[in-house]
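Q: Please take a close look at the placement of nonpolar and aromatic residues in this model. I should like one connected account that covers both the surface and the interior.

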Amino acid sequence: MAALFGYFLGIFGIFLPALYCISASLAGIGAACFPSVQKQIAIESDYHPSKNDLFAYFGAILILLAIIVFVEPHLPTISFIAMLIYTLIAILGFKYSPFRAHSRKIVLQWQNVWLTLGLLLAILLIREGWNSGKDIFSIFGIIVSAVVVISYLIKLALSQKHGKLSRKMQYRLTIAGLCQDFTTIFSAVYISILFGAKNYYWLFVIILIASFIKRPLLKTLREYLPFDDFTIQSWGIVLGLVITLFRPTYFAGIFLIRIFYSLQNTDTLDLIRDHVDTNIYMINYRFRTAGGFLTQLILWGGLLLFNGPHIFEQIFNYHINKSVMNSSNVIKLRH
């Protein structure tokens, strides 16, 4: 429902740009939570996807790519309407699925509500600074987001809900969050500046291909390398990061990172499944969020600290089809 409401608000973003930020936040909530629900249901119902299910999944991804590539750059309002319909169909499919779990009582945790509101406030302040050209709003937005992120990290470190989870496993889950935001949020800015925002859709193509070949690739590497899976995955992530340092091979690096962090995160969840009492996917979400927050803090906090608030205006005022070479050195240094 969060995603549905978010896409509805996005339809009117052309009249009030701040609605785009709220829309993205609500859609992000749906994107973050729905996969965890799906996985938990699959476990409880012992569901295994058939070939027809995989073809349907592949078709749904192609439709999504078509909306992103052909509709969104030219007709953003139509793209939000299309996503609204897309999400509504998903909700109906979920509602009438024979594998859907019984409704559970919703428990509202106010600390999470304040966390969400704090992040939304930070987003709106940064957006206002972008729209008005007043750096003071962007500065306050970064400060608010930094306070929220640090508070979240402290809370996570002191929490007893994952007490049986070893530090090593906690680090592995956090690494997944770092890699996830590096290959999406950071890459959105990096690609827009160095390659032009219109080329961002290639990232979705990479993610789609990586999701289909990751297991066969790992199986092949096992046959030729004398290492365990975790070592292969870790070095795969490192190799991907190194490759991204060179502009011609940036997308190849993202491809490798996406493959190996996804494999490592899945294998880590399998290892800890029998060692924690609570929902492992919520534990995974907490640590991945922490890793993602660290990535954001490094990116935006570093840009503000070393380059001043004016850098945001330079970065975000790019043309949809062109790279922003006057900001390329800044983002390369942050990289």
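A: In what follows, a helix is a DSSP run of type H or I with at least four residues, and helices are numbered from the N terminus. The model is predicted. By this definition, Ile29 is found in helix H2, which spans residues 18-44. Its relative accessible area is 35%, so Ile29 counts as partly exposed. Leaving aside residues up to four places away in sequence, Ile29 touches Ala2 and Thr116. Ala2 lies 27 residues from Ile29 in sequence, yet the two C-alpha atoms are 6.5 Å apart in space.

The wider setting is entirely helical: the protein has 13 helices and zero strands. Of its 335 residues, 38% count as buried. The accessible surface comes to about 19,200 Å², and carbon and sulfur atoms account for 70% of that area. Among contacts between residues at least 6 apart in sequence, 72% join residues that are at least 24 apart.

On the surface, a nonpolar patch is formed by Phe5, Phe8, Phe12, Ile14, Phe15 and Leu16, which together have about 650 Å² of accessible area. Ile14 belongs to the loop between helix H1 (2-10) and helix H2 (18-44). With a relative accessible area of 53%, Ile14 lies above the 50% limit and is therefore exposed. Two further members of the patch, Phe8 and Phe12, fall into the intermediate class: Phe8 is partly exposed at 40% relative accessible area, and Phe12 is partly exposed at 34%.

The structure holds seven aromatic pairs. In one of them, the ring centres of Phe8 and Phe12 are 5.3 Å apart and the planes meet at 75 degrees, so the pair is edge-to-face. Another pair, Tyr250 and Phe251, has centres 6.0 Å apart and planes at 85 degrees, and is therefore also edge-to-face. Unlike the partly exposed Phe8, Tyr250 is buried, because its relative accessible area is 0%. Tyr250 and Phe251 also belong to a cluster linked by ring pairs, together with Phe182, Phe186 and Tyr190.

Phe186 leads from this cluster to the interior. In soluble globular proteins, nonpolar side chains tend to be buried together. Here, the largest nonpolar core has 30 residues, of which Phe186, Phe260, Leu299 and Ile331 touch the most other members. At least two residues of this core come from each of helix H7 (167-194), helix H8 (201-224), helix H9 (229-244), helix H10 (250-272), helix H11 (280-307) and helix H13 (328-334). H7 supplies the largest share, nine residues. Apart from this core lies another, of 16 residues, including Val148, Tyr152, Leu156 and Tyr281.

Returning to Phe186, its contacts, not counting residues up to four places away in sequence, are Asp181, Tyr250, Leu299, Ile331 and His335. Leu299 and Ile331 are thus partners of Phe186 as well as residues that, like Phe186, touch the most other members of the largest core. Tyr250, a further partner of Phe186, is linked with Phe186 in the aromatic cluster.

Key
Residues are numbered from 1 along each chain as its sequence is written. This is a predicted model: local features need pLDDT of at least 70, side-chain atom pairs count only at pLDDT 80 or more; totals for chains, interfaces and linings use all residues. Side-chain values use heavy atoms; hydrogens and water are left out. Patches are made of residues with over 30% relative accessible area and no salt bridge: like charges are joined within 9 Å, nonpolar side chains (Val, Leu, Ile, Met, Phe, Trp, Tyr) within 5 Å. Accessible areas come from the Shrake-Rupley method with a 1.4 Å probe; for residues, only the protein chains shown count as cover. A salt bridge is a side-chain nitrogen of Lys or Arg within 4 Å of a carboxyl oxygen of Asp or Glu. Buried means under 20% relative accessible area, exposed over 50%, partly exposed in between (1.4 Å probe, protein chains only). Contact means heavy atoms within 4.5 Å. A nonpolar core is a set of buried Ala, Val, Leu, Ile, Met, Phe, Trp, Tyr and Cys residues joined through side-chain atoms within 4.5 Å. Rings of Phe, Tyr and Trp (its six-membered ring) pair if their centres lie within 6.5 Å; planes under 30 degrees apart count as stacked, over 60 as edge-to-face and the rest as tilted.
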